[in-house]
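Colleague: I have a new structure open and don't quite know how to read it. Could you walk me through some of its features?

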Amino acid sequence: MINVAPEVQDALRSGRPVVALETAVLTHGLPRTPMACPCGLAAWDASLPANLALSLLLDATVRAGGAVPATVGMLDGVLHVGLSRQQLERLGHDTAARKLSTRDLGAAAVQRANGGTTVAATLSACAAAGIRVFATGGIGGVHRHWTERPDVSADLAAIARTPTAVISAGAKSILDLPATVEALDSLGIPVIGLGTRAFPRFISPGDDSLGVSAFASNAAEAAAICAAHWAFAPHGGTIIANPPPTEWAIPAHEVEAIIAASMLDAAREGIHGAAVTPFLLDRVQRATGGRTVAVNVAVLESNARVGAEVALRMAELR
Ligand code: PSU
Ligand code: MN
């Protein structure tokens with residue numbers, strides 16, 4: 001039910017750097033219409049559907065950084081660790097592809113489904129294959145109004161039980177970020193700020209109100225902290241929090257009203273469960289015009305680059 005691509009297998013066997021990538025962003029994160037790169041990256045192929053252009057760009061970014069990409073996704077019920085271009089095209093074109101969290105993998109395998117993997121499901125693949133570094137955009141977390149409906153992303157528990165470093169720009173401000181940081185704390189997940197002491201807000205920079213648990217001045221130090229963490233807590237994951245590139249980040253106060261309105265829409269339309277995150281992300285994206293897409297892509301590219309560097313440093317440590 002799990003297929004690790006030969007290239008990924010070889011790299012893992014010989015201790016060369018590997019970076020896992022998710023596909024919920026391919027199936028549920030970006031529009032399928034072609035567009036110029038929203039943040040001006042030269043490696044972006046504007047003739048392709050944007051979601052596919054993004055996945056190919058991340059693959060190329062990891063390779064350019066000297067690591068082997070392992071894009072995770074499900075095709076015909078098989079969880080692939082390392083998707084080829086043709087496989088990414090199939091998954092990216094399938095409008096019926098499911099959004100797969102860990103709980104969904106078994107049913108999707110039996111039903112021979114196609115699906116994009118969330119952070120949680122991608123971590124299941126990392127655990128099965130032995131991948132120590134995973135680059136994503138932003139993790140899921142504790143949703144706003146959790147006291148009424150305790151919607152907490154399965155990403156958090158998955159990170160807590162998987163010994164993989166997750167490179168992310170923190171979590172998105174559609175969430176209750178103070179509650180998310182408290183949950184990470186309770187779960188014993190180190191949040192390592194890469195050149196920052198503030199917990200980043202995915203499309204916005206962090207501020208003094210919310211901190212990280214450790215500061216690292218560069219990728220080498222972040223990798224060393226992860227390796228040391230695994231000496232003390234061999235079964236738990238870490239977060240390397242990489243702030244959004246400053247030229248694309250949107251100040252938090254500018255998006256707050258849009259998020260509040262989007263949440264009212266979600267409540268009015270009775271959106272809940274797994275549909276909440278894609279719904280809110282889509283609303284915020286539409287309401288900010290291209291700006292959210294630009295910072296989204298910039299963050300993913302930046303995290304893939306950092307992921308390759310962290311994987312290289314980790315390979316040196318072993
Ligand atoms: N945060 C983002 N963009 C995303 C996601 C999160 O800024 O696309 C996706 C990730 O795949 C994440 C998932 O794992 O949403 C979380 O969904 P949920 O809240 O249903 O667990
Ligand atoms: Mn949820």
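Modeller: Sure, we'll go through cysteines, helices and a few loop residues in turn. Keep in mind that this is a predicted model.

Colleague: Let's start with cysteines. How many disulfides does a search of the whole structure find?

Modeller: The general idea is that a disulfide is a covalent bond between the sulfur atoms of two cysteines. Here, the search turns up zero disulfides.

Colleague: Why is Cys37 not bonded to Cys39?

Modeller: Because the sulfurs of Cys37 and Cys39 are 3.9 Å apart, which is too far for a bond; the cut-off is within 2.5 Å. Cys39 does hold the closest cysteine sulfur to that of Cys37. As for Cys226, the nearest cysteine sulfur belongs to Cys126, 13 Å away, and Cys226 is in no disulfide either.

Colleague: Are Cys37 and Cys226 buried or exposed?

Modeller: For that you look at relative accessible area, where under 20% means buried. Cys37 has 15%, so it counts as buried. Cys226 is buried as well, with a relative accessibility of 0%.

Colleague: On to helices. What does the reach of helix α12 look like next to what is expected?

Modeller: You take the expected rise of 1.5 Å a residue and compare it with the span from the first C-alpha to the last. Helix α12 covers residues 291-317, which is 27 residues, and it reaches 39 Å, close to the expected 39 Å.

Colleague: And why would you call α12 largely enclosed by the rest of the structure?

Modeller: Because 20 of its 27 residues are buried.

Colleague: How do α3 and α12 pack, parallel or antiparallel?

Modeller: Here you read the angle between the two axes, and under 35 degrees counts as roughly parallel. The axes of α3 and α12 are 8 Å apart and the angle is about 25°, so the two helices are roughly parallel to each other. Their crossing is right-handed. On the α3 side, Leu54, Leu57, Leu58, Thr61 and Val62 take part, and they meet Val297, Leu300, Glu301, Ala304, Arg305 and Ala308 of α12.

Colleague: At what angle do α3 and α4 cross?

Modeller: Helix α3 (residues 50-64) and helix α4 (residues 85-93) cross at roughly 150°, with axes that come within 9 Å. That makes the pair roughly antiparallel. From α3, the contact involves Asn51, Leu52, Ser55 and Leu56; from α4, it involves Arg85, Leu88, Glu89 and Gly92. This crossing is right-handed too.

Colleague: Now the loops. Which residues does Arg16 touch, leaving out those up to four places away in sequence?

Modeller: The idea is to look past sequence neighbours and see what meets in space. Arg16 sits in the loop between α1 (6-13) and β2 (18-21), and it touches Asp10, Ala11 and Val68. Val68 is 52 residues from Arg16 in sequence, yet their C-alpha atoms are 8.0 Å apart. Arg16 counts as partly exposed, at 43% relative accessibility.

Colleague: What is the phi of Asp76, and what of Arg112?

Modeller: Phi is a backbone angle, and the thing to check is its sign and the residue type. Asp76 is not a glycine, although its phi is positive, about 50°. It lies in the loop between β3 (68-75) and β4 (78-81) and is partly exposed at 38%. Arg112 also has a positive phi, near 55°, and is a residue other than glycine. You'll find Arg112 in the loop between α5 (105-110) and β6 (115-117), where it is exposed, with a relative accessible area of 60%.

Key:
Residues are numbered from 1 along each chain as its sequence is written. Chains are lettered from A and ligands numbered from 1 in the order in which they are written. This is a predicted model: local features need pLDDT of at least 70, side-chain atom pairs count only at pLDDT 80 or more; totals for chains, interfaces and linings use all residues. Side-chain values use heavy atoms; hydrogens and water are left out. Buried means under 20% relative accessible area, exposed over 50%, partly exposed in between (1.4 Å probe, protein chains only). Helices (H or I, at least four residues) and strands (E, at least two) are DSSP runs, numbered from the N terminus. The expected span of a helix is 1.5 Å times one less than its number of residues. Axes are lines fitted to C-alpha atoms, for helices over the stretch in contact, and angles run from 0 to 180 degrees between N-to-C directions. Angles under 35 degrees count as roughly parallel, over 145 as roughly antiparallel, 65 to 115 as roughly perpendicular and the rest as oblique. A crossing is left-handed if the near helix is turned anticlockwise from the far one by less than a right angle, and right-handed if clockwise. Contact means heavy atoms within 4.5 Å.
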